[in-house]
Amino acid sequence: MSKKENAAMLAAVFLFWFSVYTYPSFLQDYCMQHLGAGAFMVGMITGSYGFTQMLLRIPLGILSDAVKKRKLFVMLGFGISALSAAGFLLVDGMRGNAAAVAALVFRGMAGVACSTWVTFSVLYTASYRREEVPAAMSRLMLPQFGSQVVAMLLGSQMAQRMGAASAFLMALASAILGIIALSQVRDVPPEGGPLTLRSVAKIAMDRDLMLGTVLSMVMHLVVWATVLGFVQNWARDVLQLSTGELGYLSVMYLVPNTLLSRFSGDHLTRRFGRRAVLMTGFFAMALACALYPHTVDLWSLMGAQALMGAGIGLILPLTMSAAIQNIPGDKRSTAMGVHQAVYGVGMFLGPVLAGAIVEGGTVLQDGVMVATGGYIANFYVCFAISLAGAAMTFLSFRKKG
């Protein structure tokens, strides 16, 4: 890949994730306050993003390897992302059950778009040798999470000042620009024999792929139950933060996430070993979950968010690189499809489980429904799940492995 193509590719990565993340910082609160959805329905709307990825990523990966094309699927992803954003522009003028169902559909479409990340990440790493994949994944994280920082901050500020429709419109424009950027990148077909059921089964049984996938699922379950789920509602309902301040919360978890993602797959792993880095990440996430119930204002909540972001940044590049590091280049889309589909289970179950916990802990006080106890219960459940991730890492990897 030439320098020009590499720059276009990284720009496309930035625009891809920007198109999906201009509104998640306020989506849960928007669905509750603006559309009138209940806590469980909000969890379903949030979870639909992971549900569609869970269903589609393996078939997309297998299909990409079978036809030996990557770019075609990424272009399709940009197009669906644009349709999702356009759909939310329509939802903005609706209210009630119909609006909530429409939001469920269009958020699910965003998940369909992100299912093509399977081929996006493989397209970028195709020119790297096996030992270079973790470092390449870390480099890919910079535009991925950097775009989310900018998108969430801009989206929340624009939503507060100009209305949610402005954030949805920005997502639509970003998807269109991404198609233009990606058109500058060539699709080099991978070499290798035809894909067979036996080769797919062999890929799925790779030990590193299995370990990295399970740990990623645990991480995503916690993330989508907290920082990308009901932390927003805790901030608005309990701490009384504004829509603009919700954007700052998102940035506060994404900044350490972005910085540590750049180094965890390369420098930190070489220095301390994969097990130590992964365990530190899960302990940071657990500590964040334990601190959420004790936050009292924006600054204390931002501190907990920073810890959560640091944990994600340590874990994510290592679990992603494990998915394809041992896999031949012509089979990597299948491997990444397996990896991302299974961690999509966590993206779906996290907010759905959290929504059920929050709704179950909501009580009537002085004629008003109060969910504080449900939020706290959710945070402590996620604390226990994060510790389980650390224990699984300790038992599964060698000390310097």
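These questions and answers concern aromatic rings in a predicted model.

Colleague: How many aromatic pairs does a search of the whole structure find?

Modeller: The model is predicted. Searching the whole structure for aromatic pairs gives a total of 19.

Colleague: Tyr-23 and Phe-88 form an aromatic pair; is it stacked, edge-to-face or tilted?

Modeller: The ring centres of Tyr-23 and Phe-88 are 5.0 Å apart, and the planes meet at 45°. Stacked needs under 30 degrees and edge-to-face over 60. The Tyr-23 and Phe-88 pair is therefore tilted.

Colleague: How many residues apart in sequence are the parts that this pair ties together?

Modeller: Tyr-23 sits in the loop between helix H1 (3-20) and helix H2 (24-33). Phe-88 belongs to helix H4 (residues 71-91). The pair therefore ties together parts whose separation in sequence is 65 residues.

Colleague: Is Phe-88 buried or exposed?

Modeller: Buried means under 20% relative accessible area. Phe-88 has a relative accessible area of 0%, so Phe-88 is buried.

Colleague: Which helix holds Phe-106, the residue paired with Phe-88?

Modeller: The rings of Phe-88 and Phe-106 have centres 6.4 Å apart and planes at 55°, so this pair is tilted. It links distant parts of the chain, 18 residues apart. Phe-88 is in helix H4, while Phe-106 is in helix H5 (residues 96-115).

Colleague: Which residues form one aromatic cluster with Tyr-23 and Phe-88?

Modeller: Tyr-23 and Phe-88 both belong to one aromatic cluster. The other members are Phe-26, Tyr-30, Phe-106 and Phe-168.

Colleague: Over the ring of which residue does the charged end of Arg-107 sit?

Modeller: The charged end of Arg-107 lies 4.2 Å from the ring centre. The ring it sits over is that of Tyr-49.

Key:
Residues are numbered from 1 along each chain as its sequence is written. This is a predicted model: local features need pLDDT of at least 70, side-chain atom pairs count only at pLDDT 80 or more; totals for chains, interfaces and linings use all residues. Side-chain values use heavy atoms; hydrogens and water are left out. Rings of Phe, Tyr and Trp (its six-membered ring) pair if their centres lie within 6.5 Å; planes under 30 degrees apart count as stacked, over 60 as edge-to-face and the rest as tilted. Helices (H or I, at least four residues) and strands (E, at least two) are DSSP runs, numbered from the N terminus. Buried means under 20% relative accessible area, exposed over 50%, partly exposed in between (1.4 Å probe, protein chains only). A charge sits over a ring if NZ of Lys or CZ of Arg is within 6 Å of the ring centre and within 35 degrees of the ring normal.
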